[in-house]
Amino acid sequence: MATAAIRMFWRLEGLFCVYKPPGVHWKLVRDTIETNLLKGLNATPTQLLPQEVRFLAQPAGVETEAPKGLTLSAASVPVLSKHPLVTGPEFQHIRVGVGHRLDASSSGVLVLAVGNGNRTLNDLYRTRVTRDYTLEGEFGTATDNFSHTGRVVERSTYDHITQDKLDRVLAMLQGANQKALLMYSNVDMHSQEAYEMAARGLLGPEGKSQPILTGLRCIHFQPPNFTLEVQCLNETQKYLRKVVHEIGLELRSTAACKAVRRTRDGPFTLQDALTRHHWTASDVMQAIRQYHSSKKKRKHSHTQMKDPALPPPEENTVAASEQNEACDEAAAAGRIK
């Protein structure tokens, strides 16, 4: 029979996301969550120790009718070799996978996976999911690493920059990236296949390609500061800072990136992200349960678009999860270290 810790681990298998604060390495975030999950698993109530029969010598002061000599009596005692203080914690390692990384100075949504959720995480990123970022820039300076914390290598004026000029540069960059998206997709643009893929939002690069910006617009403009909203594929945070730098050059000025914040990673948004005070086993379990529920709803909505006559799904998430736990109980030892 599976223990309470094993049943809890089954409920922890899946995907969830956290909010990574700036100035913290993603490895520290992963290790902190892994430690918290292990504490939660090992804090679950343990099963009673099994009993065994032993023959124990009676104390010398006890009078019995038996002849003088060694007197033994049968007694049921707990098997101390199964005690947690002897065997150690039931869970000593748990695999927590990390999705698309964020460098130390960036912040935002960071997707993580527990247990079998790592396979789901790999499948998710093979579907060419896009990510949204918010970039904060400042005109007038250029640095050696495109960030405001780098060494300043040039200063320039920015009084001639207007929002209309900035919007034209952003439209030009987005158009160039749209052409690159079609080029890396390896699909004939005049074919029916290309039309169907574009209608379903599946048109994208095959495998690993150069970073591509699928959307780019200015959401705040107050010189020298400005804020951009970016949708992209196969990007790195360094590349996004370089984009801010190149925008400054196109406007006959300079620009440095002040902040990179990821607001969406595939189906995960900032509303789904757990802040640092909620990186506990119970909160992670609830976030994974919400992800499974929203995944079923999205799957049903896509199916209903193809066949509107289908009835809505029944609310049987808890019963289904309990049934899956019972089916997977026999394979528990093979999945857990």
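This report walks through the overall build, the helix contacts and the salt bridges of one protein chain.

## The chain as a whole

The model is predicted. Its protein chain has 10 helices and 12 strands. There are 337 residues, and 39% of them are buried.

How do contacts spread along the sequence? Take the contacts between residues at least 6 apart in sequence. Of these, 71% join residues at least 24 apart.

## Helix α1 and its partner α2

Helix α1 covers residues 4-12, and helix α2 covers residues 26-42. The two pack at an angle of about 140°. Their axes lie 9 Å apart. From α1, the contact uses Ala5, Met8, Phe9 and Leu12. From α2, it uses Leu37, Gly40 and Leu41. Six of the contact residues are nonpolar, one is polar and none is charged.

Now look at α1 by itself. Its buried residues include Ala5, Met8, Phe9 and Leu12. Ile6 and Trp10 of α1 are buried too. After α1 comes glycine 14. The phi angle of glycine 14 is positive, near 155°.

## Helices α5 and α7

A second helix pair sits further along the chain: α5 spans residues 163-184 and α7 spans residues 237-250. Their axes come within 10 Å and cross at roughly 130°. Are α5 and α7 parallel, perpendicular or oblique to each other? An angle over 115 but not over 145 degrees counts as oblique, so α5 and α7 are oblique to each other. Their crossing is right-handed.

Which residues meet here? α5 brings Leu166, Val169, Leu170, Met172, Leu173 and Asn177. α7 brings Tyr239, Ile247 and Glu250. This contact divides into seven nonpolar residues, one polar and one charged.

## Salt bridges

Side chains of opposite charge can pair when their charged atoms come close. How many salt bridges does the whole structure hold? A search finds nine.

One joins arginine 30 and aspartate 31, with the closest N and O atoms 3.3 Å apart. Arginine 30 has 23% relative accessibility, so it counts as partly exposed. Aspartate 31, at 37%, is also partly exposed. Another salt bridge links glutamate 52 to arginine 54, at 2.9 Å from N to O. Glutamate 52 is partly exposed at 26% relative accessibility. Arginine 54 is partly exposed as well, with a relative accessible area of 46%.

## A bridge between strands, and a network

Arginine 217 and glutamate 229 also meet in a salt bridge, 2.8 Å from N to O. This pair links distant parts of the chain, 12 residues apart. Arginine 217 lies in strand β9, residues 212-222. Glutamate 229 lies in strand β10, residues 225-233. Are these two side chains buried, exposed or partly exposed? Arginine 217 has a relative accessible area of 47%, so it is partly exposed. Glutamate 229, at 23% relative accessibility, is partly exposed too.

Salt bridges can also be followed through a group of residues. Arg131, Glu235, Arg262 and Asp265 are linked in a network of salt bridges.

Methods
Residues are numbered from 1 along each chain as its sequence is written. This is a predicted model: local features need pLDDT of at least 70, side-chain atom pairs count only at pLDDT 80 or more; totals for chains, interfaces and linings use all residues. Side-chain values use heavy atoms; hydrogens and water are left out. A salt bridge is a side-chain nitrogen of Lys or Arg within 4 Å of a carboxyl oxygen of Asp or Glu. Buried means under 20% relative accessible area, exposed over 50%, partly exposed in between (1.4 Å probe, protein chains only). Helices (H or I, at least four residues) and strands (E, at least two) are DSSP runs, numbered from the N terminus. Axes are lines fitted to C-alpha atoms, for helices over the stretch in contact, and angles run from 0 to 180 degrees between N-to-C directions. Contact means heavy atoms within 4.5 Å. Ala, Val, Leu, Ile, Met, Phe, Trp, Tyr, Cys and Pro count as nonpolar, Asp, Glu, Lys and Arg as charged, and the others, Gly among them, as polar. Angles under 35 degrees count as roughly parallel, over 145 as roughly antiparallel, 65 to 115 as roughly perpendicular and the rest as oblique. A crossing is left-handed if the near helix is turned anticlockwise from the far one by less than a right angle, and right-handed if clockwise.
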